[in-house]
Amino acid sequence: PARGPARCAKTAETPVKLDMDAFLQSLVFDYEDMGRPVTLAGAAGGTAMVRRQALQRVLINLIDNAIKYGGAAEVSSWRDADGALCIAVGDRGPGIPEDELEQVLQPFYRLEASRNRDTGGAGLGLAIAAQLALAIGGELKLANREGGGLLAKVTLP
């Protein structure tokens, strides 16, 4: 039977009220405990109703990519002008060509066809993150950072 991660997250996990700063600090501390280069740069404050496991999986995919391709990850959060919660994972890696920013969110799309599966992956990490973000009522957007690198931003209502 087909069991996609977005479908499971949407139907199986009940939203819970989370202290977002504590949630993000805990996630970042877990990486730091493993000796991984992840920092927490900004905090939105307050609570949000989220599907915790699904959001955690989205952020782990984004942080793992930032470490893999950028050498380190910087996590931050804030509220936008409409009050939506924004969580970003940034890196200082090579970024993604502008004309491929949308394509990399599709399953099995890989930037470098020459990469083998050991180094390049199957092209599912960002697609899963994007599908899970949608499943929890949010959106994942990618943008190249000024000065180099990538910023992956999850916006939750």
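These legends accompany several close-up views of one predicted protein chain.

The model is predicted, so local features are described only at pLDDT of at least 70 and side-chain atom pairs only at pLDDT 80 or more, while totals for chains, interfaces and linings use all residues. Residues are numbered from 1 along each chain as its sequence is written, and side-chain values use heavy atoms, with hydrogens and water left out.

**View 1. The whole chain, with five helices and seven strands.** Helices (H or I, at least four residues) and strands (E, at least two) are DSSP runs, numbered from the N terminus. Following the sequence, you meet them in the pattern α-β-α-β-β-α-β-β-α-α-β-β. Of the 157 residues, 41% are buried; here buried means under 20% relative accessible area, exposed over 50%, and partly exposed in between (1.4 Å probe, protein chains only). Among contacts (heavy atoms within 4.5 Å) with a separation of 6 or more, 66% join residues 24 or more positions apart. The chain exposes about 8500 Å², with 51% of that supplied by carbon and sulfur atoms; these areas come from the Shrake-Rupley method with a 1.4 Å probe, and for residues only the protein chains shown count as cover.

**View 2. The largest nonpolar core, with 40 residues.** A nonpolar core is a set of buried Ala, Val, Leu, Ile, Met, Phe, Trp, Tyr and Cys residues joined through side-chain atoms within 4.5 Å. Look for M20, L55, L59, L62, I63, L140 and L142, which have the most contacts inside this core. At least two core residues come from each of α2 (20–33), β3 (47–50), α3 (52–70), β4 (73–79), β5 (85–90), α5 (125–135), β6 (139–144) and β7 (150–156). The largest share, eight residues, belongs to α3. Zooming in on L55, you will find M20, F23, V50, I87, I136 and L156 touching L55, leaving out residues up to four places away in sequence.

**View 3. Helix α2 and its buried side.** The 14 residues of α2 reach 20 Å from first C-alpha to last, close to the expected 20 Å at 1.5 Å a residue; the expected span is 1.5 Å times one less than the number of residues. Buried here are M20, D21, F23, L24, L27, V28 and Y31. They sit on the same side of α2 because they cover an arc of only 165° around the axis, taken from the directions from the helix axis to the C-beta atoms. Their cover includes β1 (16–19), β2 (38–42), β3, α3, β4 and β5. At the helix start, a side-chain oxygen of D19 comes within 3.1 Å of the backbone nitrogen of D21. Just past the helix, G35 adopts a positive phi of about 80°.

**View 4. Helix α5, largely enclosed by the rest of the structure.** Eight of its 11 residues are buried: L126, A127, I128, A129, A130, L132, A133 and A135. L134 also lies in α5, but counts as exposed at 60% relative accessibility. The C-alpha atoms of L134 and V154 are 9.7 Å apart in space, with these positions 20 residues apart in sequence numbering. Just after α5, G137 has a positive phi of about 85°.

**View 5. M49, an exposed residue in strand β3.** The relative accessible area of M49 is 57%. Leaving aside neighbours within four places in sequence, M49 is in contact with P15, V16 and K17. M49 and P157 are 108 residues apart in sequence, yet their C-alpha atoms are 9.2 Å apart in space.

Key:
A polar contact is a pair of N or O atoms within 3.5 Å; within protein, one must be able to donate a hydrogen and the other to accept it, and residues adjacent in sequence count only if both atoms are side-chain atoms.
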